[in-house]
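Welcome to this short tour of a protein structure. Take a moment to look over the sequence and turn the model around before reading on.

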Amino acid sequence: MKVHHIGYIVDNMENSIKEFEGLGFKILQKNQYDEIRDINICFIENGGIIIELVQPKTKESVIYKMAGKYKNMPYHICYETDDMDRDIERLKQRGYMVIQKPERAPAINNSKVVFLMHLDMGIIELLEKNKGVYV
Ligand code: NI
C-alpha cells in the first residue's frame with residue numbers, strides 16, 4: 001500500500017512548524033481545524049515525504065491523552081486505499097482492530113479515513129483516494 005503521510009503529534013503547532021521548516025520542510029497545507037476529531041492539522045513536505053502535524057485542541061480530542069504523554073512524536077502512518085471496505089476486511093484478518101470508524105476528514109477535502117491498530121504495528125490510517133482530490 002502506498003504511504004500517503006506520517007501523522008505526527010505536536011504540543012505547539014506554531015513552534016513545531018518553525019522547527020520543521022528549519023529542517024527543510026515546506027508547508028503544503030496550512031493549519032486547519034478538524035471538528036470531528038477536535039484537532040488542528042497542518043501538512044508539511046520535504047522531498048516527497050508528507051508529514052501531518054496534529055495538535056489536540058481540547059481535552060475532548062481523540063488524541064489528547066496520547067499527546068499529554070508523548071508531546072512530540074510520530075504516531076501513525078497513513079496508507080492510500082482505493083477500496084476501504086475491502087482493505088479493512090483484509091487487515092482485520094491480519095489482526096488489526098478498527099479504533100476509529102470510517103469518517104470524513106475535513107483537512108483532507110472530506111475524504112474518508114479510518115484508523116486501525118495492530119499489536120505488532122501500532123496505529124495505521126487508511127485514506128480513500130476515490131476522487132484524487134488531495135496531493
Ligand atoms: Ni493522518
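Let us start where helix 1 ends: the helix is followed by Gly24, whose phi is positive, near 100°. Please keep in mind throughout that this is a predicted model.

**Helix 1 and its surroundings**

Helix 1 covers residues 13-22, and its buried residues are Met13, Ser16, Ile17 and Phe20. Seen down the helix axis, these buried residues fall within an arc of 105°, so they line one face of helix 1. What do they pack against? The buried residues of helix 1 pack against strand 1 (3-9), strand 2 (26-34), strand 3 (39-46) and strand 4 (49-56). On the face turned away from the buried side, you will find the exposed residues Lys18, Glu19 and Gly22.

The start of helix 1 is worth a look too. There, a side-chain oxygen of Asn12 comes to within 3.2 Å of the backbone nitrogen of Glu14.

**Side chains around Asp11**

Two side chains make polar contacts with the backbone of Asp11, one from Asn72 and one from Gln55.

Asn72 sits in the loop between helix 2 (64-70) and strand 5. With a relative accessible area of 39%, Asn72 is partly exposed. A polar atom of the Asn72 side chain lies 3.0 Å from the backbone nitrogen of Asp11. Setting aside residues up to four places away in sequence, Asn72 touches Tyr8, Ile9, Val10, Asp11 and Ser16. Ser16 is also one of the buried residues of helix 1. How many residues apart in sequence are Asn72 and Asn12? They are 60 residues apart in sequence, while their C-alpha atoms are 8.8 Å apart in space.

Gln55 belongs to strand 4. Its relative accessibility is 15%, and because buried means under 20%, Gln55 counts as buried. The Gln55 side chain reaches the backbone oxygen of Asp11 at 3.2 Å. Beyond its neighbours within four places in sequence, Gln55 is in contact with Val10, Asp11, Asn12, Met13, Ile39 and Asn40.

That list leads us to Asn40, a residue of strand 3. Asn40 is buried as well, at 12% relative accessibility. Neighbours within four places in sequence aside, Asn40 is in contact with Met13, Asn31, Gln32, Tyr33, Leu53, Val54, Gln55 and Lys57. Met13 therefore appears among the contacts of both Asn40 and Gln55, and Met13 is buried in helix 1.

**The largest pocket**

Now move to the largest pocket, which has a volume of about 210 Å³. Which residues lie nearest its centre? Of the 19 residues that line the pocket, those nearest the centre are Val62, Ile63, Tyr75, Gln100 and Phe115. The elements giving two or more residues to this lining are strand 3, strand 4, strand 5 (73-81), strand 6 (97-105), strand 7 (111-118) and strand 8 (122-128). Strand 6 gives the most, with 3 residues. By kind, the lining residues divide into 13 nonpolar, 2 polar and 4 charged.

**Between strands 6 and 7, and on to His118**

Two asparagines share the loop between strand 6 and strand 7: Asn109 and Asn110. Asn109 has a positive phi although it is not a glycine, and the same kind of phi is found at Asn110, again not a glycine. Both residues are partly exposed. The table sets out their values.

| Residue | Phi | Relative accessible area |
|---|---|---|
| Asn109 | about 50° | 45% |
| Asn110 | about 60° | 42% |

Further on, in strand 7, comes His118. Is His118 buried or exposed? At 16% relative accessibility, His118 counts as buried. Its side chain reaches the backbone nitrogen of Asp120 at 2.9 Å. Apart from neighbours within four places in sequence, His118 is in contact with Arg94, Gly95 and Tyr96. Gln93 lies 25 residues from His118 along the chain, and the C-alpha atoms of the two are separated by 11 Å.

Technical notes: Residues numbered from 1 in each chain as written. Predicted model: local features only at pLDDT ≥ 70, side-chain atom pairs only at ≥ 80, totals over all residues. Heavy atoms only, no water. Buried < 20%, exposed > 50% of the residue type's maximum accessible area, 1.4 Å probe, protein only. Helix = DSSP H or I, 4+ residues; strand = E, 2+ residues; numbered from the N terminus. Arc of directions from axis to C-beta. Contact = heavy atoms within 4.5 Å. Polar contact = N/O pair within 3.5 Å; in protein donor to acceptor, adjacent residues only side chain to side chain. 1 Å grid on protein atoms, 1.4 Å probe; cavity = no way out; pocket = protein on both sides within 12 Å on 5 of 7 lines; lining within 4 Å. Points joined across faces, edges and corners; volume = space filled by probe spheres on them. Nonpolar A, V, L, I, M, F, W, Y, C, P; charged D, E, K, R; others polar.
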